[in-house]
Amino acid sequence: MHAIICGSRDHLLAIKNRQSIFTALDRMHEYEPIISIRVGSEKGVDAIAKLWGDSKGIPVAVIDANWTLFNRGAGPRRNNAMAAYFGADSCIFFPGGPGTASMETKAIAFQLRRYYFEYKDSGFQLKQIDP
């Protein structure tokens, strides 16, 4: 799979849950091999996903939003571009906020396969897969 990985931008929360995110991505990779990764920034879950991909030798593309030019519209524009133009066929969601919700909207619009993780019993568990 060519996956967009997204979730909370809270870096401290992501660092605290780094091993749990790594474990969840390891299980996902066993279920369906991840060939390449796209992330939206280098904060929070995106940063941990980049570290995981780098540790596995999986190519990771960081697609930055142009906050200077587009202000608050930068994130949704970037999410649209990741879903439409960067060859992703899947999106892996960890719990997040408005940016994650925006990415979900784009993933649905572009008919990407969606995998949802939730935090349960001191680790992330795959909650749902949507075609």
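The following exercises, each with a worked solution, concern a predicted model.

**Exercise 1. The sheet**

Determine the order of the strands in the sheet, and explain why strand 3 and strand 6 each have one side without a neighbour.

*Solution.*
Step 1. The sheet is open and consists of six strands, arranged in the order 3-2-1-4-5-6 with mixed pairing.
Step 2. Strand 3 (60-62) and strand 6 (123-130) stand at the edges and have a single partner strand each, so one side of each is left without a neighbour in the sheet.
Step 3. From one strand to the next, the twist averages 25 degrees.
Step 4. In general, strands of a sheet pair through backbone hydrogen bonds, in either a parallel or an antiparallel manner. Here, strand 2 (residues 36-39) pairs with strand 3 in the parallel sense, over three bridges. Arg38 has Ala61 of strand 3 as its bridge partner.
Step 5. Across strand 1 (2-6), strand 4 (90-93) and strand 5 (113-120) lies helix 6 (residues 98-109), which runs at about 155 degrees to strand 4.

**Exercise 2. The length of helix 2**

Compare the expected span of helix 2 (residues 18-31) with the distance between its end C-alpha atoms.

*Solution.*
Step 1. Helix 2 has 14 residues, and the rise is taken as 1.5 Å a residue.
Step 2. The expected span is 1.5 Å times one less than the number of residues, which gives 20 Å for helix 2.
Step 3. The end C-alpha atoms of helix 2 are 20 Å apart, in agreement with the expected span.

**Exercise 3. The packing of helix 2**

State which residues of helix 2 are buried, and classify the crossing of helix 2 and helix 3.

*Solution.*
Step 1. Ser20, Ile21, Phe22, Ala24, Leu25 and Met28 are the buried residues of helix 2. They pack against several elements, among them strand 1, helix 1 (11-16) and helix 3 (44-56).
Step 2. Two packed helices are described by the angle and the distance between their axes. For helix 2 and helix 3, the axes come within 10 Å and cross at roughly 55 degrees.
Step 3. This angle lies outside the ranges for roughly parallel (under 35 degrees), roughly perpendicular (65 to 115) and roughly antiparallel (over 145); helix 2 and helix 3 are therefore oblique to each other. Their crossing is right-handed.
Step 4. The contact involves residues of helix 2 including Ile21, Phe22 and Leu25, and residues of helix 3 including Val45, Ile48 and Trp52.

**Exercise 4. Accessibility of four residues**

Classify Ser20, Phe86, Asn71 and Ser122 as buried, partly exposed or exposed.

*Solution.*
Step 1. A residue is buried under 20% relative accessible area, exposed over 50%, and partly exposed in between.
Step 2. Ser20 of helix 2 has a value of 14% and is therefore buried. Leaving aside neighbours within four places in sequence, Ser20 is in contact with Tyr119, Ser122, Gly123 and Phe124.
Step 3. Phe86, in the loop between helix 5 (74-85) and strand 4, has a value of 36% and is therefore partly exposed. Not counting residues up to four places away in sequence, Phe86 touches Arg38, Ile63 and Ala81.
Step 4. Asn71, in the loop between helix 4 (67-70) and helix 5, has a value of 55% and is therefore exposed. Although Asn71 is not a glycine, its phi is positive, at about 50 degrees.
Step 5. Ser122, in the loop between strand 5 and strand 6, has a value of 64% and is therefore exposed. Ser122 is not a glycine either, yet its phi is positive, at about 60 degrees.

Conventions
Residues numbered from 1 in each chain as written. Predicted model: local features only at pLDDT ≥ 70, side-chain atom pairs only at ≥ 80, totals over all residues. Heavy atoms only, no water. Pairing = 2+ DSSP bridges. Helix = DSSP H or I, 4+ residues; strand = E, 2+ residues; numbered from the N terminus. Axes fitted to C-alpha atoms, helices over the stretch in contact; angles between N-to-C directions. Contact = heavy atoms within 4.5 Å. Buried < 20%, exposed > 50% of the residue type's maximum accessible area, 1.4 Å probe, protein only. Left-handed = near helix turned anticlockwise from the far one by under 90°.
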